[in-house]
Amino acid sequence: MKFALVTGGSRGIGRAICIKLAKQGYHILINYRSNDAEAQRTAQLVEECGVTATLIKFDVSDKEAVTQQIEKWTAANPHKHIEVLVNNAGIRQDTLMIWMTDEQWQDVLGASLNGFYFVTRAVLNGMITKRYGRIVNVVSLSGVKGMPGQVNYSAAKAGVIGATKALAQEVARRNVTVNAVAPGFIKTDMTHDLKEDELKKMIPMQRFGEVDEVADVVVFLASPQASYVTGSVIHINGGLL
Ligand code: NAP
């Protein structure tokens, strides 16, 4: 039985990734932080694809919770192997640097950068031992070019890009690949408050992206077919540079 762990799988891009990985035959571990109803909805959609869905609730920025929950699952399922990890959990807390609180800085880095570190560390050993693994990190255009009002978010995502490239080189010989996808503007709860009509004029494709357009790329990077792709950042942004 092959398993995929998707952080932030209850809603948005994470939910679309869960469903598409399920359609590839993966049993899905759906991580989320608080939204039980949306997580259960994702689980139902995953199960409709004919595989199992397991809800695994923890805050990815909480080192003890991550370690405890993943160790608990591994101990209860000694013969099951997490082949695919998608580090998708993330939050925005936008403000200009001069107004930024320590909490806004720490929360955003906690979810994306520390979350990447804690969760990846917890599953990496299993992948190395099995000599197979696919890690896909969901970063952002903000982490590539930097966005005003998003110093915290840009730093967090740029940090994950650096970590992706470094880790890819550490584990390449063990047949574990590590890649990132960098979406631009995608229609989810996270972008609900943005002025889509104005912002889309800046995008060469003149529209926001759909969650499935991100999930399809993630599923490719998570597949055996992407065997020689590692350390890459794939941009999914409708041409916005
Ligand atoms: P979303 O709709 O707001 O969903 C966020 C997901 O992350 C939810 O499942 C949420 O769980 C989970 N989450 C947040 N903080 C968490 C934590 N500390 N621990 C565990 N789970 C946590 O966001 P989205 O738009 O799908 O974004 C998904 C990823 O894509 C994020 O990393 C985001 O930065 C990135 N991204 C998004 C866009 C975009 O335009 N939407 C663009 C570039 C990059 P709950 O449901 O329990 O709250």
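1. A backbone N or O atom of Ser 34 lies 2.6 Å from an oxygen atom of the ligand. This distance, like the others in this note, comes from a predicted model.

2. Two further backbone contacts to the ligand deserve attention. A polar backbone atom of Ile 13 is 2.8 Å from a ligand oxygen atom, and a backbone N or O atom of Ile 186 is likewise 2.8 Å from an oxygen atom of the ligand. On its own, the ligand has 900 Å² of accessible area, of which the protein covers 96%.

3. The location of the ligand can be stated plainly: the largest pocket holds it. Helix 1 (12-23), strand 2 (27-32) and helix 6 (151-171) are the elements that each contribute two or more residues to the surrounding shell.

4. As to the make-up of that shell, 31 residues surround the ligand. The closest are Ser 10, Ser 34, Asn 88, Tyr 153 and Thr 188. Sorted by class, the shell comprises 13 nonpolar, 13 polar and five charged residues.

5. Turning to charged pairs, the model contains nine salt bridges. One of them joins the side chains of Arg 11 and Asp 189, with an N to O distance of 2.8 Å. This pair links distant parts of the chain, as its residues are 178 residues apart. Arg 11 belongs to the loop between strand 1 (2-6) and helix 1, whereas Asp 189 belongs to the loop between strand 6 (176-183) and helix 7 (196-199). Side chains of opposite charge can pair when their charged atoms come close.

How values were computed
Residues are numbered from 1 along each chain as its sequence is written. This is a predicted model: local features need pLDDT of at least 70, side-chain atom pairs count only at pLDDT 80 or more; totals for chains, interfaces and linings use all residues. Side-chain values use heavy atoms; hydrogens and water are left out. A residue is near a molecule or strand if one of its heavy atoms lies within 4 Å of it. A polar contact is a pair of N or O atoms within 3.5 Å; within protein, one must be able to donate a hydrogen and the other to accept it, and residues adjacent in sequence count only if both atoms are side-chain atoms. Accessible areas come from the Shrake-Rupley method with a 1.4 Å probe; for residues, only the protein chains shown count as cover. On a 1 Å grid over the protein atoms alone, a cavity is a set of points where a 1.4 Å probe fits but cannot get out, and a pocket is an open set with protein on both sides within 12 Å along at least five of seven lines; lining residues have an atom within 4 Å of a point. A molecule sits in a cavity or pocket if more than half of its atoms lie within 2 Å of its grid points. Helices (H or I, at least four residues) and strands (E, at least two) are DSSP runs, numbered from the N terminus. Ala, Val, Leu, Ile, Met, Phe, Trp, Tyr, Cys and Pro count as nonpolar, Asp, Glu, Lys and Arg as charged, and the others, Gly among them, as polar. A salt bridge is a side-chain nitrogen of Lys or Arg within 4 Å of a carboxyl oxygen of Asp or Glu.
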